[in-house]
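Me: Take one part of this structure and walk me through it closely, then work outwards to what surrounds it. I'm at the bench rather than at the modelling desk, so spell out the cut-offs as you go.

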Amino acid sequence: MPLPRLIPCLDVAGGRVVKGVRFAGLRDVGDPVELGAAYSSAGADELVFLDVEATLHERRTILDVVTRIAGRLAIPFTVGGGVRTAADGAALLGAGADKVSVNSAALARPALIGELAELLGSQAVVVAIDASAGRVRTRAGTQDAEREAVPWAQEAAERGAGEILLTSIDADGTRAGYDLELTSAVADAVPVPVIASGGAGGARHVADALACAQAALLASILHEDPARLTSLRAELRAMGIPLRDAI
Amino acid sequence: MRVAVCDYGAGNIRSVLAAFVRLGADPSATLDPEAVAAADLAVLPGVGAAGTAMTRLRARGLDEALRKRVAGGGATLGICLGLQLALEESEEDGGVPGLDLLPGRAVRLREGRVPRIGWAPVEPGGEAFYFAHSYAAETPAATGHSEGFVAEARAGSFVGVQFHPEKSGGAGSRFLARCLSRV
């Protein structure tokens, strides 16, 4: 198996990295290209950029941001938010993204996963699943999707997803650790790589997640601070996690 | 240094162009067989399905342009699907004839999680590169391996790599710089 991956996640709106998306105000915390480059220098294995507004007006903005990121970064990155058709995915890859992630749009129309895989290849298609108490939530976690997480992950992989990005809504933001039970259940059920997300408070949590999943998404634990990624990598290496030498 | 990157609609060539720009080369995306013939280095990138990719290469005459270029000793680099297309055939889609620049065939990965995605050490050297693939080459021309899979293969002036040097950070950049230095 390839080495375990650490994947910082950046929320983007209006061409800027923002914070506090679950609340009323979005706070500007920097330029996605500069912050992405700083994480890359700090040893990120990949990056995820989530377009949290993803309105029609925003599409042009995110494509411009993706083009700038691709010109600067020499590591892979995924873009999520607002992908509703295979053509949306192709536009993001054409702008320089390596993968696209889909969530609610795939729940609303599961055939989208196969259409994306057919056009872009499975390795470029990430299906993001938000789960609470084993059930899938949709529309940024606000609605029950009337599906169980494990069978939905299996169906997504069968339809052509190349990776599953699994977020535990219950654990998200608690900093009390990833939902290892859910992560293990999904990872055991699908043949594709799984990225664990939600709940990281410290290196021990990330190490535990990497024992179940192939990658760990890092969001609030980093506080948009690349130096925290450097220290986290050092702590994980001290625990014997075989991270790559990022030189 | 002119680098012709075959732009036949098989995935993310912007990152390949950007990687060569960062190295001070002069890359361009092209579908013109003459540009492929004239470049100092030709690059066959690619992600996605082998059958579609071969159809597109043939439609533009790029298959012949690449064969002639390699036969004439022109430096040529295949990346990911570009390595698999260089083989005699791929077992994808029930069997797809390749460019026959390298002996051997591309076969579906049958162990581990597929797609195989992530950074893995490449021997010799031991540096980690980024992989994202569901098929791998089986070839006697292999010159590098990663976890038992062919990571690099060479025949004459053709070099094919299964990993993505344009996505492999410093290690990838150094690999591409070596490709340019050999031209």
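Reply: A42(B) stands opposite T76(B) in β4(B), and that pair is a handy way into strand β3(B). Keep in mind that this is a predicted model: local features need pLDDT of at least 70, side-chain atom pairs count only at pLDDT 80 or more, and totals for chains, interfaces and linings use all residues. Residues are numbered from 1 along each chain as its sequence is written, while chains are lettered from A and ligands numbered from 1 in the order in which they are written.

Back to the strand. β3(B) and β4(B) pair in the parallel sense over three bridges; strands pair if DSSP finds at least two bridges between them. The element names are DSSP runs, numbered from the N terminus: helices are H or I with at least four residues, strands are E with at least two. Strand β1(B), residues 2–6, is also parallel to β3(B), again through three bridges, and there V5(B) sits opposite V43(B).

Which way do the side chains go? L41(B) and V43(B) point one way from β3(B), A42(B) and L44(B) the other. That fits the usual pattern, in which side chains of a regular strand alternate between the two faces of the sheet. All four of these residues are buried, where buried means 20 or more other C-beta atoms within 10 Å of a residue's own, exposed means 12 or fewer, partly exposed is in between, and C-beta atoms are placed from the backbone.

Zoom out a notch and you get an open, mixed sheet of seven strands in chain B, in the order β2-β1-β3-β4-β13-β12-β11. β2 (26–30) and β11 (142–146) are at its edges with a single partner strand each, so one side of each has no neighbour in the sheet. From one strand to the next the twist averages 20 degrees, using axes fitted as lines to C-alpha atoms (for helices, over the stretch in contact) and angles from 0 to 180 degrees between N-to-C directions.

Now for a helix that meets our strand. β3 (41–44) is among the elements of chain B that cover the buried residues of α6(B), and the others include α1 (13–22), β4 (76–79), β9 (127–133) and β13 (158–161). Those buried residues are G169(B), A171(B), G172(B), F175(B), L176(B) and C179(B). Seen down the helix axis they fall within an arc of 155 degrees, so they line one face; the arc is that of the directions from the axis to the C-beta atoms. An α-helix has 3.6 residues a turn, so residues three or four places apart point the same way. On the face turned away from the buried side, α6(B) carries the exposed residues R178(B) and S181(B). Length checks out too: at 1.5 Å a residue, the 13 residues of α6(B) (169–181) should span 18 Å, and the end C-alpha atoms are 18 Å apart. The expected span is 1.5 Å times one less than the number of residues.

Just past β4(B) there's an oddity. C80(B), in the loop between β4 and α5 (81–85) of chain B, has a phi near 55 degrees, a positive value in a residue other than glycine. Most residues other than glycine have a negative phi, and most peptide bonds are trans. C80(B) counts as buried, with 30 C-beta neighbours inside 10 Å.

Two peptide bonds in chain B are worth a look as well. The one from V114(B) to P115(B) is cis, with omega near 0 degrees, and P115(B) lies in the loop between β7 (105–108) and β8 (116–122). The bond from E123(B) to P124(B) is cis too, with P124(B) in the loop between β8 and β9 of chain B.

Finally, the whole chain. Chain B has six helices and 13 strands. Its radius of gyration is 15 Å, close to the 16 Å that the globule rule gives for 183 residues, so it is as compact as a globular protein of that length; the radius is taken over C-alpha atoms, and the rule is 2.2 Å times the number of residues to the power 0.38. Buried residues make up 57% of the chain.

Methods: Contact = placed C-beta atoms within 7 Å.
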